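Welcome! Let us take a walk through this protein together, one part at a time. Please have the sequence and the model open as you read.

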Amino acid sequence: MEPNWIEIEKQAKTWLVEAGNKIKKALEQPFTIDAKSGPDDLVTDVDKSTEAYFYQQISSTYPTHHFLGEEGVAKELTSLSGTVWIIDPIDGTMNFVHQQQNFAISMGVFQDGVGKLGFVYDVIKNELFHAVQGEGLFVNDKKVESVKERPLEEAIIGLNANWLVENHPLQTNLIELVQSCRGTRSYGSAALEMAYVATDRMDAYISLNLSPWDYAGGAILLNEVNCLASRFDGSTLSLLDKGTMVCSKSNLHQTLVDRLQKGASE
Ligand code: 2AM
Ligand code: CA
Ligand code: CA
Ligand code: CA
């Protein structure tokens with residue numbers, strides 16, 4: 001039976017607002033910070049409690065639905081069949097810790113692997129980007145009509161400058177790309193950066209290593225305004241495995257894939 005998407009959208013919005021309020025409250029008190037894979041890979045107890053909150057709400061309201069989150073509160077997800085919620089409770093944890101802003105909750109709801117509802121919620125700015133498959137993209141419920149296509153030399157590209165100095169096979173291509181575009185930005189939250197491409201604040205965003213919860217919500221937003229998101233080689237993003245990610249306005253996408261691929265094949 002097809003889920004009631006109107007009801008699920010309403011539920012999801014209610015939970016996002018509630019989770020956002022809990023996060024704002026948590027910022028008023030001390031919270032624990034741990035490093036995961038290294039000093040630039042942080043997690044706090046707020047990341048974990050926020051994910052647990054979504055998992056509890058979703059599993060009690062929709063017991064047949066499945067759940068994938070960064071902090072692993074649910075059991076491992078191995079299949080995309082049925083209704084799957086993919087959630088990053090705090091995207092931009094380093095910003096959360098250091099700036100207490102510029103982070104977002106990211107959420108994508110999929111039916112048999114097809115994106116149905118996407119949400120990126122900037123808790124502090126109170127800016128909710130949300131998309132409904134086939135109905136469009138909205139910023140605080142105001143519809144975004146279209147994005148402007150720009151050539152590479154007029155494009156603003158979001159990326160992390162650390163990738164430019166690391167000894168990576170794609171280093172030369174990334175440097176050439178940065179030299180060819182109008183400018184770069186680095187906001188430190190993949191979900192927000194994807195939302196910014198979808199709302200014309202940037203033209204593209206690239207990352208060498210993202211996980212499904214980083215891009216699940218953003219990819220659904222982008223799809224509704226005719227933007228594209230893929231691996232660097234142009235292949236489809238996996239919702240179960242991590243890897244590279246390039247997203248942009250549709251006309252720019254092939255140019256970026258060609259530029260990024262050049263390094264991969266040499
Ligand atoms: P996170 O804050 O949820 O970890 C910039 O760091 C962007 O890359 C953020 O969206 C961040 O998500 C994501 N990211 C993915 N893998 C990361 C890692 N190993 N360390 C830091 N950030 C990571
Ligand atoms: Ca993380
Ligand atoms: Ca993330
Ligand atoms: Ca996270």
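**Around the ligand**

A good place to begin is ligand 1: of the 14 residues around it, Asp41, Asp91, Gly92, Thr93 and Ala190 come nearest. Two elements give two or more residues to this shell, namely strand S4 (83-91) and strand S12 (204-210). Keep in mind as you look that this is a predicted model.

What classes of residue make up the shell around ligand 1? There are 6 charged residues and 6 polar ones, along with 2 nonpolar residues. The shell also draws on both domains: at least three of its residues come from domain 1 (5-144), and at least three from domain 2 (152-265).

**Two domains and their contact**

Now step back to the whole chain. The protein is divided into domain 1, covering 5-144, and domain 2, covering 152-265. Taken over C-alpha atoms, the centres of the two domains are 21 Å apart. Where they touch, domain 1 contributes 32 residues and domain 2 contributes 24 residues.

Let us look at the domain 1 side of this contact. Several elements each supply at least two residues there, among them strand S3 (66-69), S4, helix H3 (93-98) and strand S5 (104-111). Strand S6 (114-122), strand S7 (127-132) and strand S8 (136-139) also each supply at least two. Of these, S6 has the largest share, with 6 residues. By class, the domain 1 side that touches domain 2 has 18 nonpolar, 10 polar and 4 charged residues.

**The sheet of seven strands**

Many of those strands appear again in the next stop on our tour. Here 7 strands form an open sheet with mixed pairing, and their order is S3-S4-S5-S6-S7-S8-S9. At the edges are S3 and strand S9 (142-144), each of which pairs on one side only. On average, and with direction ignored, neighbouring strands of this sheet are turned by 20 degrees against each other.

Follow the sheet through S6 and S7, an antiparallel pair joined over 6 bridges. Within this pair, Tyr121 stands opposite Leu128 in S7, while Leu117 has Val132 in S7 as its bridge partner. The hairpin of S6 and S7 has 4 residues between the strands, and Asn126 takes a positive phi near 55 degrees there.

From S7 you can continue into S8: these two strands run antiparallel and are joined by 4 bridges. Phe129 stands opposite Val139 in S8. This time the hairpin has 3 residues between the strands, and Gly134 takes a positive phi near 85 degrees.

Which strands of this sheet does helix H1 (residues 5-26) touch? Helix H1 packs on the sheet against S5, S6 and S7, and its direction makes about 25 degrees with that of S6. Helix H2 (residues 45-61) lies across S3 and S4, running at about 155 degrees to S4.

**The sheet of five strands**

Another sheet awaits. It is open, with mixed pairing, and its 5 strands follow the order S11-S10-S12-S14-S13. Its edge strands are strand S11 (183-185) and strand S13 (228-230), each pairing on one side only. Neighbouring strands of this sheet are turned by 20 degrees against each other on average, with direction ignored.

At one edge, S13 runs antiparallel to strand S14 (residues 243-248), and 3 bridges join the two. Here Leu228 stands opposite Ser248 in S14.

Helices accompany this sheet as well. Helix H6 (residues 190-198) packs on the sheet, touching strand S10 (156-158), S12 and S14, and its direction makes about 155 degrees with that of S12. Helix H7 (residues 212-223) lies across S12, S13 and S14, running at about 150 degrees to S13.

**A closer look at His168**

Let us end with a single residue. His168 sits in the loop between helix H4 (162-165) and helix H5 (171-180). Is His168 buried, exposed or in between? It counts as partly exposed because 14 other C-beta atoms lie within 10 Å, a number between the limits of 12 or fewer for exposed and 20 or more for buried.

Leaving aside residues up to four places away in sequence, His168 touches Trp163 and Leu208. His168 and Leu208 are 40 residues apart along the chain, and their C-alpha atoms are separated by 9.8 Å.

Terms used:
Residues are numbered from 1 along each chain as its sequence is written. Chains are lettered from A and ligands numbered from 1 in the order in which they are written. This is a predicted model: local features need pLDDT of at least 70, side-chain atom pairs count only at pLDDT 80 or more; totals for chains, interfaces and linings use all residues. A residue is near a molecule or strand if its C-beta atom, placed from the backbone, lies within 6 Å of it. Ala, Val, Leu, Ile, Met, Phe, Trp, Tyr, Cys and Pro count as nonpolar, Asp, Glu, Lys and Arg as charged, and the others, Gly among them, as polar. Domain bounds come from an automatic or database domain assignment. Two residues are in contact if their C-beta atoms, placed from the backbone, lie within 7 Å. Two strands pair if DSSP finds at least two bridges between them. Axes are lines fitted to C-alpha atoms, for helices over the stretch in contact, and angles run from 0 to 180 degrees between N-to-C directions.
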